[in-house]
Amino acid sequence: MALSRAVLFDFDGTLADTAADLGAAVNHLRRQRGLNELAVGQIRPFASMGARGLLRVGFGLTPDDPGYLAMRNAFLDRYDERVCVETTLFPGMAELLRELVRRRIAWGIVTNKSSRFTPRIIEGLKVVPACVVCGDSTPHLKPHPAPMLLAADQLKIAPQKCFYLGDDLRDIQAARAAGMRPVAVEWGYHSPDNVGPREWNAEAVIASPGELLKLL
């Protein structure tokens, strides 16, 4: 039976709270270098930005700095050792996923996170998405629409019938570019480089996962 609609999620900061494990990797490297640990609250706003954001808050590094690549590799290797120790679904997300399944609405993940990490976290969270598109699944990252369109193709559903939930401006931009229905979430990490989610030109802004059900 053809799908009448689907719900796709950004991963870090939208579906799953990964900040504690990402922060642990940052703090491990800081301890090695004689630096004090950062509080998770200091790290959380940068968690959706991947290694680029985390090395920025942890060490003041940018991709143009000479030591960036070596530090990035060290960070990724440390994170690889503990990708799903403290990571959890956001409150209310498990209930939303169960309700989507009950309603026979397919759900999936479109993330800029690498396939080196994503499948293991999904397994650790004990969730079963209908599709998973990672940062290396296409030649482009969000906000490019290519990952979004690949997910729609995998689900065999028109992009216009897909909702996409995200906690970052680029999520909304990617959904718009793909012709999907963008929904901004008020939980998550919200990069300090962005204005607030109500300024992202999303179709809707929701404060908790269950609010999505009013839109379906």
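Begin the tour by selecting A204, which lies in strand 8, residues 204–206; helices (H or I, at least four residues) and strands (E, at least two) are DSSP runs, numbered from the N terminus. This is a predicted model, in which local features need pLDDT of at least 70 and side-chain atom pairs count only at pLDDT 80 or more, while totals for chains, interfaces and linings use all residues. Residues are numbered from 1 along each chain as its sequence is written, and side-chain values use heavy atoms, with hydrogens and water left out.

Is A204 buried or exposed? A204 has a relative accessible area of 15%, so it is buried, a word that means under 20% relative accessible area, whereas exposed means over 50% and partly exposed in between (1.4 Å probe, protein chains only). Now add P182, V183, A184 and L215 to the selection, since A204 touches these residues when those up to four places away in sequence are not counted; contact means heavy atoms within 4.5 Å. If you also select R181, you will find that its C-alpha atom is separated from that of A204 by 8.7 Å, although the two residues are 23 residues apart along the chain.

**The sheet**

Next, select the strands together, and you will see an open sheet of six strands with the order 5-4-1-6-7-8 and with parallel pairing. Strand 5 (131–133) and strand 8 stand at the edges, each with a single partner strand, so one side of each is left without a neighbour in the sheet. The twist averages 25° from one strand to the next, where axes are lines fitted to C-alpha atoms, for helices over the stretch in contact, and angles run from 0 to 180 degrees between N-to-C directions. Two strands pair if DSSP finds at least two bridges between them.

Strand 6, residues 162–166, is a good place to pause, because five of its five residues are buried and the strand is mostly covered. In a regular strand the side chains alternate between the two faces of the sheet. Here both faces are covered, with C162, Y164 and G166 buried on one side and F163 and L165 buried on the other.

Look at the neighbours of strand 6 in turn. Strand 1 (residues 6–9) runs parallel to strand 6 and is joined to it by four bridges, and the bridge partner of F9 in strand 6 is L165. Strand 7 (residues 181–185) also runs parallel to strand 6, with four bridges joining the two; there the bridge partner of Y164 is P182, and L165 stands opposite V183.

Strand 7 is mostly covered, with four of its five residues buried. Following the sheet onward, you return to strand 8, which pairs with strand 7 in the parallel sense over three bridges, and A184 stands opposite V205 in strand 8.

**Helices on the sheet**

Now show helix 7 (residues 146–155), which lies across strand 1, strand 4 (106–110), strand 5 and strand 6, running at about 160° to strand 5. Helix 8 packs on the sheet as well, touching strand 6 and strand 7, and its direction makes about 170° with that of strand 7. Select strand 6, helix 8 (residues 169–178) and strand 7 together, for they make a right-handed β-α-β unit; a crossover is right-handed if, with the strands pointing away from the viewer, the path from the first strand over the helix to the second runs clockwise.

**A pair of helices**

Turn next to helix 1 (residues 19–32) and helix 3 (residues 50–59), which pack at an angle of about 45° with their axes 10 Å apart. The two are therefore oblique to each other, given that angles under 35 degrees count as roughly parallel, over 145 as roughly antiparallel, 65 to 115 as roughly perpendicular and the rest as oblique. The contact is made by L22, V26, L29 and R30 of helix 1 and by L54, G58 and F59 of helix 3.

Which residues of helix 3 are buried? They are A51, G53, L54, L55, G58 and F59, and what covers them includes helix 1, helix 2 (40–43) and helix 4 (68–80). Just after helix 3, select G60, which takes a positive phi of about 65°.

**Last stop**

Finally, select S115, whose place is in the loop between strand 4 and helix 6 (118–125). S115 is partly exposed, with a relative accessible area of 37%, and S115 touches C134 and D136, not counting residues up to four places away in sequence.
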